[in-house]
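Work through the following exercises with the sequence and the model side by side. Each one sets a task and then gives a solution in steps.

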Amino acid sequence: MPPSAEPTDPPVAGRASLSARARGLRLVAAGICVALLCVGTFWGDDDAFPFGPFRMYSTSTPPNGNIHVMTLQARMPDGSWREAPLDAPIVGVNRAEVEGQIPRFQADPALVGKLVEAHDRLRPAEPRWTGARLVMRYLKLRDRRFVGTEEKVVAQWLR
Amino acid sequence: MAALNRWFFGPVPLARVAVFRIAAYLFIPLDLLVLRPLGSQHASATALYKPLIVAELLHLPRPTPWLIVAVTWTLIPLALAAAALAPSGRWQRVLGTAIFLLYFEQLLISFSFGKVDHDRIAYVVALAVLPTVAGARWRSSGSAESAAWALRCVQLAVVATYFLSAFAKLRFGGVEWVNSATLVRAVMRRGTGVGRLLLDYPWTLHWAQWGIMLMELVSPVVLFLRGRWRYAAVGVLTAFHLMVFATITIMFWPHVLCLLFAFLPTERLVRNGAADAAGSAAPALVGGQDAHRGAAGEPMPVVGDEPVHPVGQPPEGRDAQEQPQG
């Protein structure tokens with residue numbers, strides 16, 4: 001309905017019904033969306049949004065397994081390495097987003113340079129990084145309790 | 001089929017839709033500027049764009065910093081205008097449709113950097129269906145089948161977020177999910193001080209996983225609850241989200257907004273005005289015992305969404321609308 005046709009009459013008490021066709025269309029639309037969500041839940045993945053599975057914290061971490069945490073280390077102008085927050089206000093993307101693209105970073109470490117460039121743009125007042133590396137930190141669990149840490153470099157880029 | 005029709009179209013007060021619109025549209029500037037200002041940050045890292053399937057199917061342009069800024073700053077004034085006009089019901093179809101399309105595009109861009117948030121489906125559904133309701137003003141004292149369908153769709157999406165996530169856990173985590181250390185992982189990755197206290201008592205997190213799975217599997221019951229049972233269920237779910245926020249700083253803001261505004265009789269918030277408009281002397285206790293009557297004395301289909309009495313005929317007792325109807 002065009003905006004000019006919107007009702008401007010005074011509010012009335014009563015019940016506004018829909019035509020059979022309008023009801024049918026609405027039921028079909030709702031049915032299609034529910035069906036697509038169900039298909040996405042069992043066969044899709046996150047890239048099927050808005051019909052992907054609701055997979056927040058859906059994977060299992062074994063009680064004696066490892067917790068993976070991606071971290072970012074930046075090389076300062078003096079050559080020293082320092083851990084930097086892997087967060088969107090610092091490098092344009094956040095930790096979960098980087099974790100969602102690990103194979104891409106491994107295949108093309110130059111993408112780590114894009115994080116450094118984003119830092120240049122977002123934090124112009126800070127010292128320019130001369131390189132960066134993504135480091136996967138493994139927090140080791142025994143019987144659901146933290147017992148130690150291991151680290152492994154995933155991808156590195158130097159200016 | 002008759003039962004489905006009754007469930008989907010049992011009329012709902014139009015004022016509830018007007019209130020929902022105000023909340024939903026005011027959320028947009030809050031979301032884009034405060035809660036999730038990822039768009040402006042992504043503009044500095046467009047090299048990491050990895051499009052979603054639907055973005056490719058629709059041939060949406062690869063985002064540039066300019067596109068991200070343009071979408072964000074078109075959305076915000078439109079949302080403010082829609083919220084300001086929502087009480088009068090004017091321009092809601094045009095503004096609401098534009099807002100839905102732009103917000104959807106904004107989400108598609110935002111989710112194309114390696115991470116999809118799972119708290120938005122109900123909100124996206126709300127933005128899609130709110131423009132389909134004509135004539136909803138906050139002084140509307142009538143009800144409409146179109147309003148019922150719109151709110152039912154949002155309710156379905158809210159419940160799907162819980163119910164289908166149980167199946168996602170079974171699919172990706174297996175049945176062992178309930179006995180895994182997934183919540184220990186959540187707290188160790190992003191736990192607050194409160195959350196970290198629980199790491200000393202890992203059994204609490206272990207049993208919480210059983211509780212979450214159970215809650216998600218029984219969540220569809222909420223769709224059929226009425227009266228105080230429905231309030232209790234909404235309260236439990238809201239408390240769950242607040243607890244998650246307190247322990248791991250994740251808050252499903254738009255989802256909780258939909259939970260509250262699609263399931264609760266929010267028209268009572270503006271009932272005072274409606275009563276004035278209709279010249280009624282009905283008491284205006286928000287959420288109070290007397291707040292179950294409509295402005296002009298007609299019953300408001302409150303929580304079960306189906307009026308018990310014919311429209312225009314006052315209920316017999318003060319709580320007549322409140323009783324569970326089986």
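**Exercise 1. Count the enclosed cavities of 30 Å³ or more, and describe the lining of the largest cavity.**

The count comes to 4 cavities of 30 Å³ or more, where a cavity is a set of points on a 1 Å grid over the protein atoms alone at which a 1.4 Å probe fits but cannot get out, and where lining residues have an atom within 4 Å of a point. Grid points are joined across faces, edges and corners, and a volume is the space filled by probe spheres set on the points. The model is predicted, so local features need pLDDT of at least 70 and side-chain atom pairs count only at pLDDT 80 or more, while totals for chains, interfaces and linings use all residues. Residues are numbered from 1 along each chain as its sequence is written, chains are lettered from A and ligands numbered from 1 in the order in which they are written, and side-chain values use heavy atoms, with hydrogens and water left out.

For the largest cavity, the space comes to about 60 Å³. Its lining takes Asp46(A), Phe49(A), Pro50(A), Gly52(A), Pro53(A) and Phe54(A) from chain A, and Val116(B), Asp117(B), His118(B) and Ile121(B) from chain B. By class these are 6 nonpolar, 2 polar and 2 charged residues, with Ala, Val, Leu, Ile, Met, Phe, Trp, Tyr, Cys and Pro counted as nonpolar, Asp, Glu, Lys and Arg as charged, and the others, Gly among them, as polar.

**Exercise 2. Examine the peptide bond from Phe49(A) to Pro50(A), and then find what Phe49(A) is in contact with.**

Begin with the backbone: the bond from Phe49(A) to Pro50(A) is cis, with omega near 10 degrees. Pro50(A) belongs to the loop between H1 and strand E2 (66-75) of chain A, helices (H or I, at least four residues) and strands (E, at least two) being DSSP runs numbered from the N terminus.

Turn next to contacts (heavy atoms within 4.5 Å). Neighbours within four places in sequence aside, Phe49(A) touches residues of chain B, namely Leu52(B), Val54(B), Phe104(B), Leu107(B), Leu108(B), Phe111(B), Val116(B) and Ile121(B).

**Exercise 3. Locate the largest nonpolar core, and say which residues have the most contacts inside it.**

A nonpolar core is a set of buried Ala, Val, Leu, Ile, Met, Phe, Trp, Tyr and Cys residues joined through side-chain atoms within 4.5 Å; buried means under 20% relative accessible area, exposed over 50%, and partly exposed in between (1.4 Å probe, protein chains only). The largest such core has 96 residues, and Phe49(A), Phe20(B) and Ile28(B) have the most contacts inside it. H8(B) gives the most to this core, with 14 residues. Because domain 1 (18-59) and domain 2 (66-158) of chain A both give residues to this core, it lies between them; the bounds come from an automatic or database domain assignment.

**Exercise 4. Decide whether H7(B) is mostly covered or mostly uncovered, and identify what covers its buried residues.**

H7(B) is mostly covered, as 7 of its 9 residues are buried. They are Ile121(B), Ala122(B), Tyr123(B), Val124(B), Ala126(B), Leu127(B) and Val129(B). The covering elements include helix H2 (14-35), H6, H8 and helix H13 (253-263) of chain B.

**Exercise 5. Are Arg144(A) and His59(B) buried or exposed?**

Arg144(A), in the loop between strand E4 (131-142) and strand E5 (145-158) of chain A, has a positive phi near 70 degrees and is buried, with a relative accessible area of 12%. His59(B) has a positive phi of about 55 degrees, but is exposed, with a relative accessible area of 69%.

Definitions and conventions:
1 Å grid on protein atoms, 1.4 Å probe; cavity = no way out; pocket = protein on both sides within 12 Å on 5 of 7 lines; lining within 4 Å.
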